[in-house]
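Subject: Structure for your review

Dear colleague,

Here is the structure I said I would pass on. Please look it over alongside the notes that follow.

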Amino acid sequence: MTAPCVAAEGHTGAVEDGSVPTNPGATAPTFVSLRVSQVRRDTDDSVVVRFDTGADPRFRFSHGQHLTLRRDFDGVEARRSYSICAPAPKGPLQVAIKRVQGGVFSTWANTELAVGEELDVMTPTGRFTHELDSQAARCYALVAAGSGITPVLSIAATILHAESRSQVSLLVINRTSASIMLLSDIEALRNRFLGRVQISHLLTREHSEVPLLSARPDRHRFESLCKAGLLPAQPDEVFVCGPVELVRIVRRVYETAGINPAHVHDELFTTAQTGRVRSEAPHRKVQAPAAAGTGIAILHGRETTFDFGEDDTVLEATSRTRPDVPFSCRAGVCSTCRARLVSGSVTMAVTHGLVPGEKEAGYILSCQAIPTTPHVRVDFDA
């Protein structure tokens with residue numbers, strides 16, 4: 001990464017890549033090398049990995065946020081995002097990594113990663129979260145499918161710690177009981193907050209003594225779960241993490257019931273991070289395309305000029321001159337590459353990583369944003 005430039009008297013402050021200093025209070029995420037302090041086997045195909053932050057304030061996190069991990073495999077850079085599975089803001093910095101068939105990073109983490117390893121870890125990002133109120137007495141509906149339990153567990157634990165009068169109902173969806181991630185942590189939460197947390201396990205490929213908690217969840221089943229009291233019918237806040245169809249069903253059920261869509265928070269699984277590593281990171285393109293326009297990126301307190309081609313995304317174009325630009329999934333889901341469009345216009349195919357209201361406020365996902373004007377200005381520090 002390029003260090004911030006401090007201009008001497010009589011100089012413009014420009015450096016070789018065309019950057020100039022700007023906002024000294026930059027907030028864009030950045031990578032830091034952290035030591036792995038613990039690797040704990042969770043299920044047959046998942047591990048919990050804890051990092052030693054050395055009390056670095058940059059790694060204070062909010063419930064529901066995630067970390068992006070970076071490592072080279074045979075000279076090819078791989079980045080993967082994993083949700084923090086600990087209560088915020090002072091819980092241990094740890095993530096749970098489930099092995100994905102053919103996934104180079106998750107396989108390595110489950111078979112070779114050991115205590116003492118140094119990993120590049122990006123400072124926490126993500127907005128699958130909300131404002132807490134220590135005086136509130138709210139009712140929460142939390143739904144997690146598979147590894148979606150990782151952020152939802154952090155959300156549940158944080159709420160129960162921070163809002164002593166609030167109630168949480170948590171539905172955990174898995175194929176079988178053996179595949180439930182973080183089961184011991186879930187049960188510890190139940191035991192610690194008896195009377196304030198209700199936890200139900202729905203298994204899609206295993207029989208349950210409660211018929212409602214067997215088989216694949218559809219809209220009718222969710223409505224029945226609400227009627228049966230296993231999920232609240234009129235919650236104050238809803239959090240759901242899982243595949244897109246599950247998110248759509250839960251949203252439809254609660255919005256039909258009159259819940260304000262702004263209080264239904266969701267996060268999708270992204271398949272863009274599974275399978276083989278891409279052959280190159282955005283900034284490793286050997287040759288830039290013919291310039292169709294120019295842009296200015298504000299990142300880590302500096303302005304940098306970049307050229308973009310006709311089909312370039314803002315991320316691709318920016319990364320050729322600023323390889324420290326933050327990104328992870330490149331699928332429009334994780335929001336790591338989020339920036340504010342200061343001027344110009346762009347088109348985006350996918351915007352799921354933006355929360356309601358952000359697009360209208362001028363925010364973009366740079367991995368999806370293709371400029372439609374000859375000049376754009378984006379602020380990654382906003």
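Val 264 in strand E12 is the bridge partner of Val 238. Please keep in mind throughout that the model is predicted.

That pair belongs to a parallel pairing, in which 5 bridges join strand E11 (residues 237–242) to E12. Between E11 and E12 the chain passes through helix H5 (residues 244–256), and the resulting β-α-β crossover is right-handed.

E12 itself spans residues 264–268 and is mostly covered, with 5 of its 5 residues buried. Val 264, Asp 266 and Leu 268 point one way from the strand, while His 265 and Glu 267 point the other way. In a regular strand, side chains alternate between the two faces of the sheet. The residues on both sides of E12 are buried, Asp 266, His 265 and Glu 267 among them.

The largest pocket

E12 also takes part in the lining of the largest pocket, where it supplies at least two residues. The space in this pocket comes to about 1,400 Å³. Its lining is made up of 43 residues, and those nearest the centre are Ala 145, Gly 146, Ser 147, Gly 148 and Phe 269.

Besides E12, the elements that each give at least two residues to the lining are strand E5 (76–83), strand E6 (94–98), helix H1 (104–111), helix H2 (149–162), strand E9 (167–174) and H5. E5 gives the most, with 4 residues. What is the make-up of the lining by class? There are 18 nonpolar, 17 polar and 8 charged residues.

The largest nonpolar core

The largest nonpolar core has 29 residues, of which Leu 142, Ile 149, Val 168 and Leu 182 touch the most other members. At least two residues of this core come from each of strand E8 (139–145), H2, E9, helix H3 (183–192), strand E10 (197–203) and E11. H2 has the largest share, 8 residues. H2 and E9 are also among the elements that line the largest pocket.

E13 and its two partners

Strand E13 (residues 293–299) is mostly covered: 6 of its 7 residues are buried. E13 pairs with strand E14 (residues 302–308) in the antiparallel sense, over 7 bridges, and with strand E19 (residues 375–379) in the parallel sense, over 5 bridges. For orientation in the viewer, Gly 295 has Phe 306 in E14 as its bridge partner, and Thr 294 stands opposite His 375 in E19.

The hairpin of E13 and E14 has 2 residues between the strands. His 300 lies in that loop and, although it is not a glycine, has a positive phi of about 50°.

Other backbone points

Ser 335 is another residue other than glycine with a positive phi, here near 75°. It lies in the loop between helix H6 (314–319) and strand E15 (338–343). Is Ser 335 buried or exposed? Ser 335 counts as buried, because its relative accessibility is 8% and the cut-off for buried is under 20%.

One cis peptide bond to check is the one that joins Ala 88 and Pro 89, with omega at about 0°. Pro 89 is in the loop between E5 and E6, and both of those strands contribute to the lining of the largest pocket.

Two contacts across the sequence

Arg 79 sits in strand E5. With 5% relative accessibility, Arg 79 is therefore classed as buried. Its C-alpha is 5.5 Å from that of Leu 69, and the two residues are 10 apart in sequence.

Pro 289 is in the loop between E12 and E13. At 38% relative accessibility, Pro 289 counts as partly exposed, because that class runs between the 20% and 50% limits. Pro 289 and Glu 310 are 21 residues apart in sequence, with 7.9 Å between their C-alpha atoms.

Those are the points I have for now.

Regards

Key:
Residues are numbered from 1 along each chain as its sequence is written. This is a predicted model: local features need pLDDT of at least 70, side-chain atom pairs count only at pLDDT 80 or more; totals for chains, interfaces and linings use all residues. Side-chain values use heavy atoms; hydrogens and water are left out. Buried means under 20% relative accessible area, exposed over 50%, partly exposed in between (1.4 Å probe, protein chains only). Two strands pair if DSSP finds at least two bridges between them. A crossover is right-handed if, with the strands pointing away from the viewer, the path from the first strand over the helix to the second runs clockwise. On a 1 Å grid over the protein atoms alone, a cavity is a set of points where a 1.4 Å probe fits but cannot get out, and a pocket is an open set with protein on both sides within 12 Å along at least five of seven lines; lining residues have an atom within 4 Å of a point. Grid points are joined across faces, edges and corners, and a volume is the space filled by probe spheres set on the points. Ala, Val, Leu, Ile, Met, Phe, Trp, Tyr, Cys and Pro count as nonpolar, Asp, Glu, Lys and Arg as charged, and the others, Gly among them, as polar. A nonpolar core is a set of buried Ala, Val, Leu, Ile, Met, Phe, Trp, Tyr and Cys residues joined through side-chain atoms within 4.5 Å.
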